[in-house]
Amino acid sequence: MEKRQNRECIVAPMSRLFCKARILVSIVAAVAWLTPQFALSAPQHGLAMNGDLALKLDFTALPYANPDAPKGGTIVLSESGSFDSLNPYILKGQAPWGIRVHVVETLLGQNYDEPFSMYGLLAESVETDDARSWVEFTLRPEARFSNGDPVTVEDVIWSFETLGELGHPRYLNSWRKVARSEITGPRSIKFTFNTPDRELPLILGLRPVLRKADWEGRAFEDSGLTPITGSGPYKIAEFEAGRYITFRRDPNYWGADLPLNAGVNNLDVIKYDYYTDQSVVFEAFKAGALSAFREGNAQRWRDSYDFPAITSGQVVKSEIPHQRPTGMTGFVMNTRRDIFKDIRVRDALIHAFNFEFINKALNGGELPRITSYFANSQLSMTHGAADEAVSTLLQPFADTLPADTLTGYALPESDGSNRNRGNLRKAAKLLAQAGWTVQDGVLKNAAGEPFAFEILLKNTATENEAIMGIFVDTLKRLGIEASLKLIDPVQHRERLKDYDYDMVYFTRYMSLSPGNEQRLYWGRDGVTVPGTRNYMGMDSPAAEAMISTMLETKDGAQYNAAVRALDRVLTTGRYVIPIWYNPVSFLAHDAHLHYPKETSLYGDWTGFLPDVWWYEK
């Protein structure tokens, strides 16, 4: 065919011109049909989940960092529990979370003043097509591990493959969606996807890049105490398993002058001390052993901060606002257990929980209740009937959802007294509808089996023990025998991993740009696959569909509607007894520690302490 066209082009100048134009049009059409991404893509300095990047190519610093902050100083923070591994990327063992944020880097870094936008860190550029069916990263030539070795595309491929095949289950879902990885240049690597998912380029940008040579001669999936050689601003210095770990700033850090790092990583030393008893942490802070303490109790913040270090000015109190969703904190019911499979039973226990009385007893009634998983944000469900966009998304699943998912739902409220009579009557009625009645003072089902369950708590969480102590006493009035089981953090982690509990304390933070992590939290695989975050064991076709819509749509309005719809599915499923949240974070700290006046959308939650803090006398 080509030869015939060429011969035709020889006939005359005008015919030749026409033929060349026809061939050019044909080539362009073929390229557009076969690979439209080539016409649409170009290397960029960053990538946003929705909309445009807030920071231009010539940005000089993150908006919540102080580029003039001095370097130096030490900060000592607390961690609960223990650690027995220095590999935070596998299911086995417990590793310090600080390794992931101080030692190991990713291809892209996040600006926390945007819902979800990423900028080049190890990668100098990122490129994708309009459909986001592939992504290509180009590494910075100067990127180095702390031992001086360059970060290579081979390190990237090995890291991603190893994490996806041998790493923690949180890496598995996204890796399944990668059809092919290929080296496209000396510093470039391309990933092609097999599933529509607009978040995947950003998720891969957040994957840790490890030094392949670190694991020569040892199994990646085995935990151990051999330090990781990272490319990040800090190196692991001294540590004693289970007691403390120290990170020391690398004076030869390759990325110190990047705009993304201006005013970040200011402290010379970051130390984490581990405590098994949270009540001891506050005393350690008061005695000067810790540099900062995050207070979760509003009443104690108001009444108990009068110790000598406060009155002398050595310690100051800061209140830091945020615009992040509340997430969900409370007590989750494991629907893998027969006793919690019936939604009427779960609804009854939510009614029996006297939030207003407990909040007053422990917080002076000052903290608002969490009303849904994305409350305190534009992604939150409304408590009336679903709007048209949300209703359209949920209507195909109406038969599988509680009626009030579409018509409207709100948590029960009590009169604030310790009796809670009205809600207990409703709880008893719901239990009777589910086949549970009081027989000789004990709530039993038709088979004569008593309603009894265990509430699993860490033995370090004294406030949760106080909350559940009140709840257990209330349940006795319904004929329910609930017991508290206090165990150490290591046992607690193992039982969570295996879903070996009836009810357990639960915290799930939410971002302003939810995506793939939602499958880890609520996906049906988590009903049986150990190690996910689906602690309630939910299996909801509606939730799966909403997450798919969130990942596939290019329309911002539809994305928001899908999140609000997911919020309705989760909340009206009655899986968790919610407690409270604080719209302002309470942080007491050494007076020599400072943070920028401007904070990000997420406040003190992430990318804040110790990231942008500095020490100055």
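User: What does contact mean when Phe-247 is said to touch other residues?

Analyst: Contact means heavy atoms within 4.5 Å. In this predicted model, Phe-247 touches Gly-98, Ile-99, His-102, Val-103, Tyr-234, Lys-235, Ile-236, Asp-268, Val-269, Ile-270 and Tyr-272, with residues up to four places away in sequence left out of the count.

User: Which residues touch the most other members of the largest nonpolar core?

Analyst: Leu-107, Phe-137, Phe-191 and Phe-247 do, in a core of 78 residues. Helix H5, residues 153-166, supplies the largest share of this core, namely six residues. Another core, of 55 residues, lies apart from it and includes Met-333, Phe-355, Leu-457 and Val-472.

User: Why is the pair of Asp-303 and Arg-302 called a salt bridge?

Analyst: The rule asks for a side-chain nitrogen of Lys or Arg within 4 Å of a carboxyl oxygen of Asp or Glu. The closest N and O atoms of Asp-303 and Arg-302 are 3.0 Å apart, and therefore the pair qualifies. By this rule the count comes to 29 salt bridges.

User: What makes Asp-303 and Arg-302 partly exposed?

Analyst: Partly exposed covers relative accessible areas between the limits of 20% and 50%. Asp-303 has 42% and Arg-302 has 47%, so both residues belong to that class.

User: How do you know that Arg-564 and Asp-387 form a salt bridge, and which parts does the pair tie together?

Analyst: Their side chains meet at 2.9 Å, N to O, which means that the 4 Å cut-off is satisfied. Arg-564 lies in helix H20 (residues 556-572), whereas Asp-387 lies in the loop between helix H12 (355-363) and helix H13 (388-394), so the salt bridge ties together parts that are 177 residues apart in sequence.

User: Is Arg-564 buried or exposed, and what is said of Asp-387?

Analyst: Arg-564 has a relative accessible area of 17%, under the 20% limit, and is therefore buried. Asp-387, at 30% relative accessibility, counts as partly exposed.

User: What makes the pair of Arg-519 and Glu-544 a link between distant parts of the chain?

Analyst: Arg-519 is in helix H18 (residues 517-522) and Glu-544 is in helix H19 (residues 541-552), 25 residues apart. The closest N and O atoms of this salt bridge are 2.9 Å apart. Glu-544 has a relative accessible area of 12%; this value is under 20%, so Glu-544 is called buried.

User: Which residues do salt bridges with shared partners join into one network?

Analyst: The network consists of Arg-337, Glu-454, Arg-495, Asp-500 and Asp-502.

How values were computed
Residues are numbered from 1 along each chain as its sequence is written. This is a predicted model: local features need pLDDT of at least 70, side-chain atom pairs count only at pLDDT 80 or more; totals for chains, interfaces and linings use all residues. Side-chain values use heavy atoms; hydrogens and water are left out. A nonpolar core is a set of buried Ala, Val, Leu, Ile, Met, Phe, Trp, Tyr and Cys residues joined through side-chain atoms within 4.5 Å. Buried means under 20% relative accessible area, exposed over 50%, partly exposed in between (1.4 Å probe, protein chains only). Helices (H or I, at least four residues) and strands (E, at least two) are DSSP runs, numbered from the N terminus.
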